[in-house]
Amino acid sequence: MAKTVFISAFFFFFFFSSTVLTFSLATAKSHSFSRILSPASFGLKKEKLSHLHFYFHDIVSGQNPSAVKIVVPPNNASSTGFGMVAMIDDPLTVKPDLSSKLVGRAQGIYASAAQGEDGLLMVVNFAFTEGKYNGSCLSVLGRNVVLLTVREMPIIGGSGIFRFARGYVQARTHTYNPKTGDAVVEYDAYVFHY
């Protein structure tokens, strides 16, 4: 009899404990702010590496500039223009000529963030309008020392076909007009995406 009571008590305790544990886990799970997901649940397949090549037209002169200073540093600022901030909506084209095929826009901000050299902070979305990339964008956030031959900046994300993107861009000044301040910059983007 004592053995039967002990076994009954054991099963009752086991059943009660497992029920409480299951309820606690279910409650904790439903109130959690994070969870681990499978990439397949988002329809993500094999990751690929793409290379995009285009030209960035930074037009600061004329009647319809694509880059506009929104913060102008005081006259006593450094020779680098430290503190200048510009908002951009620059055309991206296939070739260095502005009249070549438009593939997107570079939209964002660049700011003079260095006192001792011409160094910009770039916060830019490359919003593509052509082919399979139409409606997708790459987000770049990084340092651009404009007098270097090649500048490298990280790709920190993207949208559309570039969801979960990561990689880098290399920028090379193709032409610069010191009288107007207009520039054409060649970009190579190397991006991992699904």
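## A methionine on strand β3

Let's start with M87, which sits in strand β3, spanning residues 85-93; strands here are DSSP runs of E with at least two residues, numbered from the N terminus. M87 is partly exposed, at a relative accessible area of 38%. Partly exposed lies between buried (under 20%) and exposed (over 50%), using a 1.4 Å probe and protein chains only.

This is a predicted model, where local features need pLDDT of at least 70 and side-chain atom pairs count only at pLDDT 80 or more, while totals for chains, interfaces and linings use all residues. Residues are numbered from 1 along each chain as its sequence is written, and side-chain values use heavy atoms, leaving out hydrogens and water.

## The nonpolar surface patch

M87 belongs to a nonpolar surface patch together with V68, I70, V71, I109, L121, V123, L141 and I156, and their accessible area adds up to about 700 Å². Such patches take residues with over 30% relative accessible area and no salt bridge, joining nonpolar side chains (Val, Leu, Ile, Met, Phe, Trp, Tyr) within 5 Å. A salt bridge puts a Lys or Arg side-chain nitrogen within 4 Å of an Asp or Glu carboxyl oxygen. Areas follow the Shrake-Rupley method with a 1.4 Å probe.

Strands β2 (67-71) and β5 (119-128) each give two or more residues to the patch, and β2 provides the largest share, with 3 residues.

## Aromatic contacts

The whole structure holds 11 aromatic pairs, meaning Phe, Tyr or Trp rings (six-membered ring for Trp) with centres within 6.5 Å. In one of them, F56 and Y187 are tilted, with 5.4 Å between centres and 45 degrees between planes; planes under 30 degrees apart count as stacked, over 60 as edge-to-face and the rest as tilted. F56 lies in β1 (48-58) and Y187 in β9 (183-193), 131 residues apart.

Both residues, F56 and Y187, are buried. They also join F54, F126, F128, Y133 and F162 in one aromatic cluster.

Methods. Patch = residues over 30% accessible without salt bridge, like charges linked within 9 Å, V, L, I, M, F, W, Y side chains within 5 Å. Helix = DSSP H or I, 4+ residues; strand = E, 2+ residues; numbered from the N terminus.
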